Amino acid sequence: MLVMCMWVVLWPSIGIPTQVANDKSIQTVAVISISGAIGPAVGDYVAKQILLANHQSQVPALIITLDTPGGLVSSLRDINQAILSSEIPILCLVYPKGARAASAGTFILYACHVAAMAPATTLGAATPVSIGGGSSPPNQSEEKPESPSAMEKKVLNDSIAYIRSLAQLRGRNADWAELAVRDAATLSSKEALEKNVINLIADSPKMLINALDGKTINMGQAELTLSFSEPFLDHRPPDWRDQFISTITDPNIAYLLLIIGIYGLLLEFYSPGFGVAGVVGSICLLVAIYAFQMLPVNYVGIGLIMLGIGLLVAESLVASFGILGFGGVAAFVLGSIFLIDSEIPELRISMPLIYIIAFTSAAFVVFVLRRVLQLRKSQVVSGIDNLIGADAVVEASFCGNGYIRVNGERWAAMGSDEFVCGEVVTVEAIEGLTLRIRKRQEG
């Protein structure tokens with residue numbers, strides 16, 4: 001029973017029919033896909049699949065289908081290190097039609113043993129986004145562009161040297177590779193083939209395999225002749241762990257987890273109960289911290305978010321007539337904008353999401369202010385003035401001066417009538433330490 005359960009769990013990640021997997025005579029070409037921004041989850045997925053394919057004897061090659069706007073440099077380096085250390089050919093195909101291998105995708109394409117593109121695809125624009133520079137200030141003349149800083153020059157030159165080394169290793173056009181990094185040059189698939197940037201054009205992974213059958217490629221210091229005899233294309237999607245990491249490292253999801261975690265803990269501290277808010281908040285906060293340490297986080301943004309939430313909490317405890325509250329909302333919004341330090345849209349927090357969270361926080365501040373004002377207006381006057389109009393009980397019969405009890409206190413009293421022990425009277429004035437009383441009016 002346990003073996004059957006394990007087989008059901010592992011079946012989606014294996015992706016190979018039983019008959020094909022057990023038939024050693026059938027070649028199995030692994031196919032993995034990079035679609036979207038390249039982040040930590042994608043880097044881990046690709047590196048793991050390349051390592052797995054190298055340990056399977058029936059896998060003569062691995063195909064990477066590529067469609068990406070770029071991604072993190074750290075994840076790109078992890079992927080390329082796995083490609084360069086692979087003992088089986090890594091075949092990269094920009095696919096499907098309309099796809100692109102921009103920025104980090106160009107580096108991956110150059111690192112693979114065989115580079116191919118489908119028709120109507122593009123590559124290039126590999127300039128590091130940190131030195132891409134925004135638009136020039138309005139008062140800055142076009143004849144005198146701002147020169148890059150020393151750090152920007154280091155990043156640019158390092159990227160140029162890196163892509164040229166990859167081009168020289170694979171025998172491809174190194175001069176155009178430098179243009180792609182320095183000037184953000186781009187090419188179509190046909191132009192890339194003419195300029196020796198790619199090896200061939202193929203409409204699909206199957207056509208790529210057929211076109212490479214019998215071709216010779218360089219594998220390190222030796223040459224390898226590819227031989228594919230009707231291979232089985234084994235598409236290997238990310239497993240549940242890769243999908244989970246990919247989900248939580250999405251900046252919007254990580255941001256929501258951070259907010260839920262903080263507010264969950266605050267709710268638990270304000271109204272201790274069964275601990276549901278505290279448990280959920282703690283889990284979300286820890287998962288968010290794990291996700292953010294894999295993303296390019298600006299710690300000034302985290303500081304501003306914490307400051308904003310602290311000011312919102314202070315507004316609910318100390319009535320400042322909105323100064324702390326709206327200051328907290330402003331700090332919260334600025335921190336959310338600065339949180340992710342990346343120019344790639346797919347690796348930034350959505351502005352509508354920031355506006356929704358900020359609007360909710362502002363609504364919370366308004367609710368707290370209204371509640372404080374209502375409490376102040378309905379506040380009961382306390383102190384000695386509260387005795388006027390109150391009912392009192394005569395302690396002993398007297399005429400003129402005597403003693404009464406009001407609100408549990410014994411007071412000296414005087415009145416023009418005759419009062420009987422136990423009689424309920426009304427306090428009408430305070431004269432020093434003596435209460436002036438009168439007969440209680442019925443009705």
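These exercises work through one buried serine, the aromatic pairs and two charge-over-ring contacts in a predicted model.

**Exercise 1.** Place Ser 103 in the fold and decide: buried or exposed?

*Solution.*
1. Find the element. Ser 103 sits in the loop between strand S4 (100-102) and helix H5 (104-111).
2. Check the surface. Its relative accessibility is 13%, so Ser 103 counts as buried. The cut-off for buried is under 20%.
3. List the contacts, leaving out residues up to four places away in sequence. Ser 103 touches Pro 69, Gly 70, Gly 124, Ala 125 and Ala 126.

**Exercise 2.** Count the aromatic pairs, then classify the pair of Phe 107 and Tyr 162.

*Solution.*
1. The count is three aromatic pairs.
2. For Phe 107 and Tyr 162, the ring centres are 5.8 Å apart and the planes meet at 20°, so this pair is stacked. Planes under 30 degrees apart count as stacked.
3. Phe 107 belongs to helix H5 and Tyr 162 to helix H6 (residues 150-170), so the pair ties together parts 55 residues apart in sequence.
4. Phe 107 is buried at 6% relative accessible area. Tyr 162 is buried at 14%.

**Exercise 3.** Which class fits the pair of Tyr 255 and Phe 332?

*Solution.*
1. The centres are 6.4 Å apart, with 45° between the planes; the pair is tilted.
2. Tyr 255 lies in helix H11 (residues 251-270) and Phe 332 in helix H14 (residues 323-338), so the pair links parts 77 residues apart in sequence.
3. Both residues, Tyr 255 and Phe 332, are buried.

**Exercise 4.** Which rings do Arg 77 and Arg 410 lie over?

*Solution.*
1. Arg 77 lies over the face of Tyr 162, 3.9 Å from the ring centre.
2. Arg 410 places its charged end over the ring of Tyr 403, 4.0 Å from the centre.

How values were computed
Residues are numbered from 1 along each chain as its sequence is written. This is a predicted model: local features need pLDDT of at least 70, side-chain atom pairs count only at pLDDT 80 or more; totals for chains, interfaces and linings use all residues. Side-chain values use heavy atoms; hydrogens and water are left out. Helices (H or I, at least four residues) and strands (E, at least two) are DSSP runs, numbered from the N terminus. Buried means under 20% relative accessible area, exposed over 50%, partly exposed in between (1.4 Å probe, protein chains only). Contact means heavy atoms within 4.5 Å. Rings of Phe, Tyr and Trp (its six-membered ring) pair if their centres lie within 6.5 Å; planes under 30 degrees apart count as stacked, over 60 as edge-to-face and the rest as tilted. A charge sits over a ring if NZ of Lys or CZ of Arg is within 6 Å of the ring centre and within 35 degrees of the ring normal.
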